[in-house]
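Hi,

Here is the structure I said I would pass on. Have a look at it, and my notes on what turned up follow below.

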Amino acid sequence: MTQPASEAQQGGAVPATEPHGTQPRAKRTDAAGRPPGRGGGKGGPRALGLRLDARGLSLLGVLAALVLVGGITKPDEFLAVSNLQLVLTQASVIGVVTVGATFVITSGGIDLSVGAIVALSSVWATTVATQSYGFAGIAFTAVVVGLGCGLVNGVLIAYGRMVPFIATLAMLASARGLALQLTDGRTQVVTVQSVLDLGSRDAYVLGVPPLVLVFAGVVVAGWLALNRTTFGRRTVAVGGNPEAARLAGIDVRRQRLCLYLLSGLCCGIAAFLLVVLSGSGQNTNGNLYELDSIAAAIIGGTLLSGGRGTIVGSVLGVLVFTTITNIFALNNLQTDVQQIAKGVIIVAAVLVQRRSARPGEA
């Protein structure tokens, strides 16, 4: 029984098996005893699970091209430190959501409710009653509401045997409706100064916004969980072949429940970051986050059918989309042109991946 490899596992050697009664084939090695073409040493890229394949290189190429375009069209504005900080800050919110979505998609699932959960978490965390508890109350409420929504999704899908598309679509409608009911269509302004201070320039650490540091922490934790833990291996196994995973002793239902809980947790964290960034809670928060997060994960190399996931690729996908938005805003281009450009990039990235993928990977 084989399991599809995650981004870290793809670069590792796969033990070869021989028919019964035959001698194992000798493995070719170099002078140092390593397989040819492999990086050796504990400090090598492959030892860290950082595989620069065609998928990652294509996204890096697209990102470099976008930076070049921005530098040519608006050199003084785009390349300014303040603008680069803004791009990273804006990428942090959707980036945290994308990390959770990557786990769900790797397992063969889908979550269409992430944007609505972000909206509900943000408005629940900014009600007058919640703000009376200060910074901790707002952060705690955002995370708990996200976890609660993820729990409902997980129970419906894992134990209620509902199709993920239907269950999360129902959550999308319900969470948006509840968010609208809580706010009555009005913007809830944050009055807790410590929350507002977190988004000010005085809170930057060596020039890095705190929101970017939180995003980096989530990315590192997500990468380690997917590539260096049993939880990550089980996620890949469930996405590759749920029945084989079940026969191997994996509790598929519990694993799916945990994955949607993780997605809800990421949505709650993103909601708090959005509250810090905007200084308010609105029922329109997180609009189209579900599409942006799925698109970022897919162009990054995560298979929509499950069985393969890459956190690094998802982060690159988020940076590509955020950079596009920033360039279009600086050049005063219309939103419809921006959406067309995003669609073209998604198609181009997927075509490059399919052409460069090895047999069995596409």
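Helix 6 (134-159) and helix 7 (164-183) each put at least two residues into a nonpolar patch. The patch sits on the surface and is made of Val152, Leu156, Met162, Val163, Phe165, Ile166 and Leu169, which together have about 560 Å² of accessible area. Helix 7 gives the largest share, three residues. Phenylalanine 165 is a good one to click on: its place is in helix 7, and at 44% relative accessibility it counts as partly exposed. Keep in mind throughout that this is a predicted model.

Stepping back to the whole thing, the protein chain has 15 helices and two strands. There are 362 residues in the chain, and 46% of them count as buried. The chain exposes about 17800 Å², with carbon and sulfur atoms supplying 64% of that. If you look at contacts with a separation of 6 or more, 78% of them join residues 24 or more positions apart.

Helix 3 is worth some time. It covers residues 81-106, so 26 residues in total, and spans 35 Å from first C-alpha to last, close to the 38 Å expected at 1.5 Å a residue. Where does helix 3 bend? The place is serine 92, and the bend is about 35 degrees. Of the 26 residues in helix 3, 20 are buried, so this helix is largely enclosed by the rest of the structure. Just after helix 3 comes glycine 108, with a positive phi of about 90 degrees.

Helix 13 (residues 289-299) tells a similar kind of story: nine of its eleven residues are buried, so the rest of the structure largely encloses it. The buried residues are Tyr289, Glu290, Ser293, Ile294, Ala295, Ala296, Ala297, Ile298 and Ile299. Both sides of helix 13 have something to check in the backbone. Glycine 301, just after the helix, takes a positive phi of about 120 degrees. Leucine 288 has a positive phi too, about 65 degrees, although it is not a glycine. You will find leucine 288 in the loop between strand 2 (280-281) and helix 13. Is leucine 288 buried or partly exposed? With 37% relative accessibility, leucine 288 counts as partly exposed.

Now the salt bridges. How many does the structure hold? It holds two.

One is between the side chains of aspartate 184 and arginine 186, at 3.5 Å from N to O. Aspartate 184 is exposed, with 54% relative accessibility, and arginine 186 is exposed as well, at 56%. Aspartate 184 is found in the loop between helix 7 and strand 1 (188-189). It also has a positive phi of about 55 degrees, although it is not a glycine.

The other joins glutamate 243 to arginine 246, where the closest N and O atoms are 2.5 Å apart. Both of these residues lie in helix 11 (residues 242-247), three residues apart, about one turn of the helix. An α-helix has 3.6 residues a turn, so residues three or four places apart point the same way. Glutamate 243 is partly exposed at 41% relative accessibility, and arginine 246 is partly exposed at 45%.

Two more residues to look at before you close the viewer. Serine 122 lies in helix 4 (residues 114-125). Its relative accessibility is 0%, so serine 122 counts as buried, the cut-off being under 20%. What is serine 122 in contact with, leaving aside neighbours within four places in sequence? The contacts are Ala271, Val275, Gly281, Gln282 and Asn285.

Arginine 233 has its place in helix 10 (residues 230-240). Its relative accessible area is 37%, so arginine 233 is partly exposed, which covers values from 20% up to 50%. Arginine 233 and glycine 307 are 74 residues apart in sequence, while their C-alpha atoms are 9.8 Å apart in space.

That is what I have for now. Happy hunting!

Conventions. Residues numbered from 1 in each chain as written. Predicted model: local features only at pLDDT ≥ 70, side-chain atom pairs only at ≥ 80, totals over all residues. Heavy atoms only, no water. Helix = DSSP H or I, 4+ residues; strand = E, 2+ residues; numbered from the N terminus. Buried < 20%, exposed > 50% of the residue type's maximum accessible area, 1.4 Å probe, protein only. Contact = heavy atoms within 4.5 Å. Areas by Shrake-Rupley, 256 points an atom, 1.4 Å probe, with all protein chains shown as cover. Bend = angle between axes of the 7 residues up to and from the residue. Patch = residues over 30% accessible without salt bridge, like charges linked within 9 Å, V, L, I, M, F, W, Y side chains within 5 Å. Salt bridge = Lys/Arg side-chain N within 4 Å of Asp/Glu carboxyl O.
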